[in-house]
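Thanks, everyone; I would like to take a few minutes to walk through one model with you. Please have a look at it first, and then we can go through it piece by piece.

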Amino acid sequence: MRLLWMQAGACGGDTLSLLSADHPPLEQLIDEGLELLWQPSLSTDSTRRLTQIIADIIAGRTPLDILCVEGSLITAPRNTGLWDPLGGRGKKDVIAELAGAAQYVLAVGTCAAYGGVHAAPPNPADCVGMQFTRTQADGLFRADWRSRSGLPVINLAGCPTHPNTITKALAFLLRGLALELDPWQRPTDFFTTTVHQGCTRNEYHEYDVEDTTLGGRGCLFFNLGCQGPLTLAPCNQELWNSRSSKTRAGVPCFGCTSPTFPRDGNLFRTEKLGHIPLQLPLGVQRAHYMAYKDLAQQAAPERLIDRKMEP
Amino acid sequence: MPRLTLELDLNRVEGDLTFQVEVEDGRVVEARCVGTTYRGFEQIMIGRVPRDALVITPRICGICSTAHLYAATLALEDAWGIAPPGNAIQIRNATLMAEVIQSDLRQTFLFFAPDFCHERYADSPARAAVVDAFAPFQGWAHRETLRYSRRIIEIVALLAGQWPHSSHMTPGGVTAEATARKIVDGQSLVTEVTRWVEQRLLGGDLEEWLALSDADALSEWLATRPATALALLDQAARFAGLDAIGSGSPLMLAFGAFPLAEPTANRSHWLTPGVWRGGDRPVVPLEPARIDEHVRYSWFRPYPGGKHPLAGETVPDYQPASDRYSWAKAPRYGNEVMQTGPLADLLVDGDPLIRSLHRRAGGNAWLRQLARLRRMTHLLRFLRQTFDQLAARRHEPHIMLLPDGIEQDGRGAGLLTAARGALGHWISIRDGAFNRYQVITPTSWNASPRDSAGTPGHWEQSLIGVPVRDPDDPLEIAHVIRSHDPCLVCTVHFLDAGRQTGRRVRLGV
């Protein structure tokens, strides 16, 4: 299968995430027949060749199986995209043409999926995502857009995308395994588990043993802005770099696979109604949660209250 | 021979980069660094609460996110007058060292070395061995770098949760302790990567390699180990003539790499800060107040002369029809053009081998690349020592409780060494939120456009005189620029200059 990777308004983090994937690693996919027509950090062909590759794809001379887009689509100034140009045109327009010729279009990272950090207020470069802008179902493409395979843009959300989510999704396509998408167009194989699930601070959360400052062993959900219970991502199910996750290392989950990332306001503070967070774990009713937490707190064992357990 | 204007697009750098280069009689006579993409990070920071910088600014750059996190943390600690505990410094350093080793390895073998497989070098004496080592996804050095660069960043994940883009540093410390189990895992990763570096890259013991002190000793080392990645790189780079081109500005800037947990009167960092001037008094102390940024040739709202970043502003003013040609500002140190990176780090710190090579042949493109590999080997040693020191003091705190009311309005700076050189964040907090956030990345120094006086930046200077054998494929320029490990995603936001002379050719290298 032929893959073309375009980098728009990006930090390169998803390319580095691709290089950091270990299950499977990129080189294994290449050995298996994934052909990198172009990857900006890895291709040794000259960029003249890229111009030719793009022309051949758009003219139908080279079939394109997979288009990966990394980075926010920059539309400034005045919807020309010239703050991120390619060959004298807005790169967003080149990407739109390539997407029209591709079997599958993958938005790799929250920037390409939903706009991401660059679309945070005041959105200085007028950034959009491929098919969403934040939570609005309208980006470079409208909601009804479909690639040649019949699928909309496949959003491998994350800032960056989990390394193995990238290579596994590519392996699915290589091996003909179907991808099913959730309402945010994320493949359900990677986005049905909360970050909370598998967090090694779970027992603290269970008994409502909550930290108020960073650096401790307790749960980060009630006071320190952790989005783990409301964020769908595999971070604690399939560890990062085969080792760990942010929450295991005491860093709150910032909900980077969500269209609203980064949320407005203080990223290290949990907004509360009374003593209960305003945003509850996914799908949970406030009254039930309050009752559960009050009971849980009373049941908390000393070993947790004293922070004896190493997360 | 007519004067040609070439427009060169460059990949295998972080981000997009274009150069406009004027070639006369087969040599570059003028260069302008032209890039792409304005993302506006500094504007996004305005109005956000201070700690949000720990989440937002790592996203400036995917390959050096830990460095941005560290700089943001130091700037907040500077503003609030916080001195974190020693273990916090060690843990921060360990994660940054691992990130820099990762970057140096990937830059060398994934971004820089593949150019030596170019068909132009088909007749080089070491051709078969070079291709066998450096061909993408096939060569042994390329494949092993993919593997071991993944291994070394597991150290960041152990201590910080993930790489890229964690936020494990915070004013007053780090978010998690280095437990004995993590320390043992970290030591084991350092051992594994060091063994690979010894066996496959260097062909000998790390300490013996670090003890090499002059150019002759290096020649002898390489001659007896012709099959190592280092020797192959050396042969390929010399065959391509990289030891004679691309010196650029002779002045070099080092912000100091990795603050010591227990600084002494003589030493504040693992690699000391300073400014390399050469001559009789080669290193002078760093004076951050002398840094300013010019926008005469940049697409920002004009102001005369330069502004210190604490008084700086970033207001886009896109004027493609003017003589301004750049989204980047022009940073200067005492009005002088500086280069920054591993060569600066090691010359300032006094690595005898690098100083010896510099005395002999000046600051050429190959020495710059060799300095990057040499620094990577220093870091493996520092990283081992850092874990050993953490093991000895593992019961000491990794974070301090901040006194109430310490998070006041104020100004601060965080200066450090990232993989590509001197990185600074300058901040101002008013009414509990940022009212100013200025970042100067290493590539801003190297890729700077002309300043108020019209003086070209370091890259623009480093290309002057570079031979261009084939104007349709100016590989020499690619070598020189990639020897700097450009990171365009951070800062360099140039657009087209619109200035044309002679024949205009659009090329890629």
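Ser428(B) stands opposite Arg436(B), the latter lying in β17(B), and I should say at once that this is a predicted model. The strand β16 of chain B, residues 421-430, runs antiparallel to β17(B) and is joined to β17(B) by 7 bridges. These strands belong to an open sheet of 3 strands in chain B, ordered β15-β16-β17 with antiparallel pairing. Because β15 (410-418) and β17 (433-440) of chain B each have a single partner strand, they stand at the edges, and one side of each is left without a neighbour in the sheet. On average, and ignoring direction, neighbouring strands of this sheet are turned by 15° against each other. Across β15 and β16 of chain B lies helix α3(B), residues 65-80, which runs at about 145° to β15(B).

Let me turn to a pair of helices. In chain B, α6 (residues 140-160) packs with α7 (residues 180-202) at an angle of about 160°, the axes being 10 Å apart, which means that α6(B) is roughly antiparallel to α7(B). Their crossing is left-handed. Among the residues making the contact are Tyr148(B) and Ile152(B) of α6(B), and Leu189(B) and Trp196(B) of α7(B); by class, the contact has 8 nonpolar, 1 polar and 7 charged residues.

Finally, the interface: 62 residues of chain B are in contact with 57 residues of chain A. Which element gives the largest share of chain B's side? That is α6(B), with 9 residues, and the residues of this side of chain B divide into 31 nonpolar, 20 polar and 11 charged.

Terms used: Residues are numbered from 1 along each chain as its sequence is written. Chains are lettered from A and ligands numbered from 1 in the order in which they are written. This is a predicted model: local features need pLDDT of at least 70, side-chain atom pairs count only at pLDDT 80 or more; totals for chains, interfaces and linings use all residues. Axes are lines fitted to C-alpha atoms, for helices over the stretch in contact, and angles run from 0 to 180 degrees between N-to-C directions. Helices (H or I, at least four residues) and strands (E, at least two) are DSSP runs, numbered from the N terminus. Angles under 35 degrees count as roughly parallel, over 145 as roughly antiparallel, 65 to 115 as roughly perpendicular and the rest as oblique. A crossing is left-handed if the near helix is turned anticlockwise from the far one by less than a right angle, and right-handed if clockwise. Two residues are in contact if their C-beta atoms, placed from the backbone, lie within 7 Å. Ala, Val, Leu, Ile, Met, Phe, Trp, Tyr, Cys and Pro count as nonpolar, Asp, Glu, Lys and Arg as charged, and the others, Gly among them, as polar. Two strands pair if DSSP finds at least two bridges between them.
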